[in-house]
Each structure stands twice: as C-alpha cells, then as structure tokens.
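Here is a walk through one protein model, written for someone new to reading structures. Keep the 3D view open and follow along.

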Amino acid sequence: MQQNIFRGPFGTAALVLLAAAGCVSESREVPPHHSTDKPREEIPTPEPPAGLVERVLPHEMALFNGKDLHGWRETDFGAHGEISVTNGEVKIKMGGELTGINWTNAAVLPKTNYEIELDAMKLEGNDFFCGLTFPVGKSFCSLIVGGWGGGIVGISSINGADASENDTTRNLFFERNRWYHLRVRVTPQKIMAWIDQDNVVDVEIEGRKVAMRGGDIELSVPLGIATWQTSAAFKNIKLKSF
C-alpha cells in the first residue's frame, strides 16, 4: 500500500513548506490591470541627414515624364538651338555650337554606385548627338557619343585628356533616325558605358583625375544632355541606384 507522504509527524511541516514555496497552489482570479499611466506621445521619425540622400533613393527613378521639361531646364549655352517636347521625346535642334538641357535638383543625384540610361537618336548634323554629363564622386565628366566628325565615343576627361585622346576612345558609326540605348554605370572603381548591348567604355578611375573638358559644357552639371551642331531626340531617361 502506498503511503501518503503528508501524513505523520513530518508530513504537516512538509505541506506547509511546499505551500509557502508555491508547489501547492490554489486557483484565484487575477483582478484586471488598471493602468494609471498617461498615453505616450508620438515620437516623430527623424528626417535622414542631407548627406545620406543617395541612400533613400528608389532603386529606379524616371527623370523624364515624357510631357514637358519638369525637373530640367534649357542649358544657357550661347547660340543654342530650339528645344521642345513632343510625342514623349525631348527634341534638340541644331544650334551654333552646344544645345542641351540639364537637371535642376542636384540633391537627388547619387555620386557613385548608380546607372543612368536613355534612348538617343541622331537626326541631322555631323558631330556628337549626345554629350551626357554626370557626377563621379566629387567631380563630373561627360560621355561623348558621335563627336569629332560623327564617330568618336569616349569619356571627357581622364587625367586631362578628352574623349578623343584617352584610353576610352573608340570610333563607331551611327545611323541617323535610329534609336540607340545608352547606359552609364559609375562605381568608386570604374566608369562603364554601353551602346545597345556593346560595352564601349570600361575604365579604372581609382587614382586618376576625372573632370570636365572645360568650356561651356561645364554648364551641363550636375546632370545634362547636350549636342554639338547636331539635332537629336531623347526619351526614357532613367536613374538606377544600387
């Protein structure tokens, strides 16, 4: 027969000790909690520091709405041609020298780890139909497409040498009235560029001076599209950050 451990001279004392320790419990209703605390005030989320603008960019952002030059302005080149927006395209007519547009909100532009892409078409003229100026760290430079008589592609400038005389120089043929898809990628180590599927620029920039060629093209900063004595059309201008 099993003995009851709580009987006998030591059983009663053991029962008292167990109950005191909580081993023997009794069901009780717990009264509801009535808080006297005041509601906490909402703490506003702080705005990101100005220096971190590029970190809060969307992965992809359209820079041209296809309707007007919202976000852009006509670059104040002397003797420039007419600029219009029709059928979802920016159209630049041939000017005496440079004609173009430049982006007005530098704060939303990253300085590295980004891509810019657009479609460009040469309409008439015999020089570059796209001079795309963009930021590279604390500086700027331009991808020239179709310069020096219509065929030179390259970056102006690397270590003081422009697109016609540095290691990015290429000589290509461009048809009129045909769309070309241009893409530029900037990282701390490299500038790369593609025309359609062809990688036309792949240049190391660490330890090298990247800068504008000088002259009126510097009016294109921080981001600009220009032509030289050439008419052209542009569309689908986008920025991607990574």
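## A buried aspartate

The side chain of D127 gets within 3.4 Å of the backbone nitrogen of W148. D127 itself sits in the loop connecting β6 and β7. Bear in mind as you look around that this is a predicted model.

What is in contact with D127, leaving aside its neighbours within four places in sequence? The list is K122, G146, G147, W148, G149, G150, W228 and T230. D127 is buried, yet it has no salt bridge. The nearest side chain of opposite charge belongs to K122, and that is 8.1 Å away. A salt bridge here needs the nitrogen and the carboxyl oxygen within 4 Å.

## Strands around β6

Now step back to the strand on one side of that loop. Strand β6 covers residues 114–125, and 10 of its 12 residues are buried, so the rest of the structure largely encloses it. β6 pairs with β11 through 8 bridges, and the two run antiparallel. If you want a spot to click on, M121 stands opposite W179 in β11. β6 is also joined to strand β15 (residues 230–241), by 10 bridges and again antiparallel. There, I116 has L239 as its bridge partner.

R178 is worth a stop too. You'll find R178 in the loop between β10 (170–171) and β11 (179–186). Why does R178 count as partly exposed? Because its relative accessibility is 33%, which falls between the 20% and 50% cut-offs. Along the sequence, R178 and A120 are 58 residues apart, but in space their C-alpha atoms are 8.2 Å apart. Not counting residues up to four places away in sequence, R178 touches A120, M121, K122 and D196. With D196 there is a polar contact of 2.8 Å between the side chains.

## The open sheet

Which strands make up the open sheet, and in what order? There are 7 of them, arranged β2-β5-β14-β7-β8-β9-β10, with antiparallel pairing. At the edges stand β2 (72–74) and β10, each with a single partner strand, so one side of each has no neighbour in the sheet.

Look at β14 (residues 224–228) within that order. Of its 5 residues, 4 are buried, so this strand is largely enclosed by the rest of the structure. β14 pairs with strand β5 (residues 98–103) over 5 antiparallel bridges, and with strand β7 (residues 130–136) over 3, also antiparallel. A226 in β14 is a handy landmark: G100 stands opposite A226, and G131 stands opposite A226 as well. Elsewhere in β14, T227 is the bridge partner of T99.

## Greasy middles

The largest nonpolar core has 44 residues, and the members that touch the most others are L132, F134, L143 and I191. Take L143: outside the stretch up to four places away in sequence, this residue touches C130, G131, L132, F134, V153, G154, I155, V184, A193 and V201. Another core lies apart from the largest one; it has 8 residues, including A163, M212, I217 and A226.

## Salt bridges

How many salt bridges does a search of the whole structure find? The search turns up 11. Three of them are in this table.

| Pair | Closest N to O distance |
|---|---|
| E60 and K240 | 3.8 Å |
| R185 and E115 | 2.6 Å |
| D162 and R213 | 3.0 Å |

In the pair E60 and K240, E60 lies in strand β1 (residues 60–62) and K240 in strand β15, so the bridge ties together parts that are 180 residues apart in sequence. Both residues count as partly exposed, E60 at 40% relative accessibility and K240 at 24%. There's a wider group here as well: a network of salt bridges links E60, E117, K238 and K240.

The pair R185 and E115 connects strand β11 with strand β6, across 70 residues of chain. R185 is partly exposed at 27% relative accessibility, whereas E115 counts as buried at 8%.

Finally, D162 is in the loop between β9 (152–156) and β10, and R213 is in the loop between β13 (198–204) and β14, so their bridge ties together parts 51 residues apart in sequence. D162 is buried at 8% relative accessibility, but R213 is exposed, with a relative accessible area of 53%.

Methods: Residues numbered from 1 in each chain as written. Predicted model: local features only at pLDDT ≥ 70, side-chain atom pairs only at ≥ 80, totals over all residues. Heavy atoms only, no water. Core = buried A, V, L, I, M, F, W, Y, C linked by side-chain atoms within 4.5 Å. Buried < 20%, exposed > 50% of the residue type's maximum accessible area, 1.4 Å probe, protein only. Contact = heavy atoms within 4.5 Å. Polar contact = N/O pair within 3.5 Å; in protein donor to acceptor, adjacent residues only side chain to side chain. Pairing = 2+ DSSP bridges. Lys, Arg positive; Asp, Glu negative; His and termini not counted.
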